[in-house]
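Trainee: I would like to take a close look at one single part of this assembly, and I would be glad of a careful explanation.

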Amino acid sequence: MEVLDIIKPENQVFCKTKLMTDTPLSYCPGCGHGTAHNLTMEVIDEMGITEDTIGVAPVGCSVLAYDFMNIDMTQAAHGRAPAVATAIARTWPKKYVFTYQGDGDLAAIGTAETIHACNRGENIVIIFVNNGIYGMTGGQMAPTTLEGMKSSTSPFGRDIQTMGSPLKMTELVAQLPGTYYVTRQSVHTHKHARKAKKAIRQAFENLKLKKGVSFVEIVSNCNSGWKMTPNDANEWMVDNMFPYYPLGDIKVNGKLK
Amino acid sequence: MAKVKGAIVVDTETCKGCEVCMPVCQDNVISMSKEVNRKGYHYAYMENPEACTGCTNCAIVCPDRAISVYRVKVSA
Amino acid sequence: MSELKLMKGNEALAEAAIRAGADAYFGYPITPQTELIEYLMNEQPEKRTGMVVLQAESEIAAINMVYGAASTGKKVFTSSSSPGISLKQEGISYIAGAELPAVIVNVVRGGPGLGTIQPSQADYFQSVKGGGHGDYKLYVLAPSSVQEMSDFVEDAFDIAFKYKAPVLILSDGLIGQMMEKVELKPQKQRRTDEEVIKECGSWAATGRTKGRERNIITSLDLQSEKMEARVHRLMKKYEQMENEDLRFEKINCDDAEYLIVAYGSSARIAQKAVEIAREKGIKVGLLRPITLFPFPKKQLFELADQVKGMLSVELNSGQMVEDVRLSVESKIPVEHFGRTGGIIHTPEEILEALEQKIINNGSIRHHKTRESSIL
């Protein structure tokens with residue numbers, strides 16, 4: 001069978017979701033953000049909730065998320081997305097509200113907003129892309145940077161003595177009664193990406209229950225910040241990030257696993 | 001049992017040559033071209049198109065969704 | 001039904017917000033305005049009108065909640081006092097930059113720093129000249145009575161939605177804490193979600209319905225030409241505010257030979273000073289700016305042809321006086337008087353300052369160092 005016979009429209013089994021715009025993604029080649037964006041938009045499209053979804057974009061590499069996601073979005077000040085989302089969810093209780101944040105946004109400047117939105121059990125989804133570095137500003141150390149990991153502000157490696165230990169926000173928020181679903185995923189292989197999509201879908205489905213925050217961490221590579229090729233970065237992530245940030249469900253249906 | 005035959009179409013201008021699609025292809029279909037697109041990236045292409053089963057593994061990991069996947073059943 | 005009640009300034013404002021059909025309030029306790037959130041929590045407006053009231057984890061969280069609700073077209077406000085307003089500045093700049101309607105209330109206390117809990121008017125610069133970063137201005141309403149604390153809430157929301165801009169109600173600890181009789185407006189219906197979409201659906205992030213492009217709320221414009229265009233758009237708004245929505249009050253100005261300029265609680269006290277002066281045969285008038293931006297520049301410029309000197313009376317070390325000087329364009333002497341640190345000046349002190357600084361010693365001070373305003 002010729003390739004031309006196969007690639008007929010009726011045979012198509014996968015293409016980019018129409019909920020992503022035509023704007024080329026500004027992310028570095030191989031960056032997990034692109035996959036995370038697409039999975040989220042695929043979920044919203046498949047659930048048929050485009051008209052009722054409002055996203056909150058952060059400051060960080062994904063500050064321009066609203067250029068790529070074809071839904072109504074509000075850009076938030078650095079770290080404040082959970083507060084912004086809290087207000088939207090409370091004044092529009094029927095809408096599907098989510099934040100999409102990086103590690104600086106959620107675990108540094110936004111720690112208070114993250115903890116308190118989770119503590120209050122807001123009816124929102126928080127998608128947390130953790131690549132252990134500040135990409136947008138050129139590769140500085142993040143609260144989630146691993147011990148010994150080099151960055152532009154930890155050029156000799158993260159030193160616990162002076163810089164503290166990497167922060168496990170996901171485990172922290174799982175302790176709060178206000179979180180209903182807490183999980184850690186990744187998107188670097190087809191298996192992981194499919195699982196992550198299921199997790200994101202679960203998170204959005206949970207919004208119908210109004211039982212608290214659904215918190216989905218996506219551990220990702222940052223090949224530019226880590227100064228590796230995308231595939232090498234993914235391997236490094238598996239070898240180094242996953243042992244410290246283990247994948248899997250941490251809290252389901254309000255109960256710790 | 002019916003076999004499947006697949007094929008991918010790569011949007012060569014969108015592809016950033018990140019190669020993340022290669023390790024997940026279980027049939028060694030994909031390789032990076034010697035040519036570059038307008039942005040200077042070596043884009044992905046089917047080096048071994050006969051081996052493609054249209055499993056969509058490559059498409060689902062592609063951060064830029066540069067890959068569309070097609071699949072047909074063929075009688076054995 | 002409108003009602004006549006004896007109320008504290010802060011509480012009158014809170015009640016007025018419920019009656020104006022506000023959709024939400026996000027705030028944080030700080031003296032001297034904590035009564036606002038306490039009143040709201042006690043009133044349970046969620047049961048009266050469905051209005052959301054939430055005590056946020058900080059003033060920063062509160063202003064970002066305001067930004068969030070405003071980005072969807074909801075009628076929302078927050079309140080704080082000086083140090084808390086400092087915390088909100090980034091959020092206020094975002095609201096201005098993203099062109100959103102919102103109301104912020106500052107019940108001013110003494111500063112800088114942690115300062116004092118007693119009243120002052122030392123946030124004039126912060127309110128009118130800057131506050132947050134970037135090229136923007138706030139529409140600033142300065143109430144000087146409990147009645148105005150109530151009336152200005154609906155006015156503030158109207159202006160906020162007319163211009164899609166943040167509006168500041170600049171009160172102070174005196175007005176916030178004192179009790180006066182106030183006529184409360186009847187309850188206005190809070191808009192339904194459909195009405196909000198109808199009114200704001202062309203720009204607000206309410207969920208992308210079929211047949212329209214997505215609405216994006218952002219203050220980011222990485223392309224310089226777009227950023228410049230955005231700033232020009234903002235400046236046009238402020239020009240329109242100056243042309244259409246300036247507010248001030250003139251008391252006893254027709255035959256005045258000297259003018260006191262004062263707003264808020266200083267204006268109340270200055271009114272008494274004018275009375276005493278008139279009894280002594282001194283022809284003093286009072287110009288009370290009600291909006292601090294827009295500022296009554298033209299009125300002051302014209303009055304400078306009539307009066308021999310002006311005294312700007314403010315509970316601070318001299319802030320509005322600079323705008324009064326700018327407005328009269330060196331035609332006549334302009335001086336400042338005001339107690340600070342939380343001390344309230346008396347009518348007698350104001351009159352003494354007027355006599356010493358203007359009547360007996362009127363000379364325009366060009367290029368001289370800043371004179372201490374302590375008598």
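How many residues of chain B are in contact with how many residues of chain A?

Mentor: In this predicted model, where local features need pLDDT (the predictor's confidence in each residue, from 0 to 100) of at least 70 and side-chain atom pairs count only at pLDDT 80 or more, totals for chains, interfaces and linings use all residues. Residues are numbered from 1 along each chain as its sequence is written, chains are lettered from A and ligands numbered from 1 in the order in which they are written, and side-chain values use heavy atoms, with hydrogens and water left out.

To your question: 33 residues of chain B are in contact (heavy atoms within 4.5 Å) with 34 residues of chain A. Between them the two chains bury about 2600 Å², where buried area is the accessible area (1.4 Å probe) lost on being put together, summed over both parts, and carbon and sulfur atoms account for 64% of that figure. Within chain B, the residues that lose the most area to chain A are I60(B), R65(B) and Y70(B), which together make up 26% of what that side buries.

R65(B) also appears in a salt bridge (a side-chain nitrogen of Lys or Arg within 4 Å of a carboxyl oxygen of Asp or Glu), where its side chain meets that of E42(A) at 2.9 Å, N to O. The rule finds 1 salt bridge across this interface, as well as 14 residue pairs in polar contact, both at pLDDT 80 or more; such a contact is a pair of N or O atoms within 3.5 Å, and within protein one must be able to donate a hydrogen and the other to accept it, while residues adjacent in sequence count only if both atoms are side-chain atoms.

Turning to the elements (DSSP runs numbered from the N terminus, helices being H or I of at least four residues and strands E of at least two), β1 (3-10), α1 (21-24), α2 (57-61) and β4 (67-74) of chain B each supply at least two residues of the side that touches chain A. Of these, β4(B) has the largest share, with 7 residues. By class, that side of chain B has 20 nonpolar residues (Ala, Val, Leu, Ile, Met, Phe, Trp, Tyr, Cys and Pro), 7 charged (Asp, Glu, Lys and Arg) and 6 polar (the others, Gly among them).

β4(B) is also joined to strand β1 of chain A (residues 12-14) by 2 bridges, and the two strands run antiparallel; strands pair if DSSP finds at least two bridges between them. Here F14(A) has V69(B) as its bridge partner.
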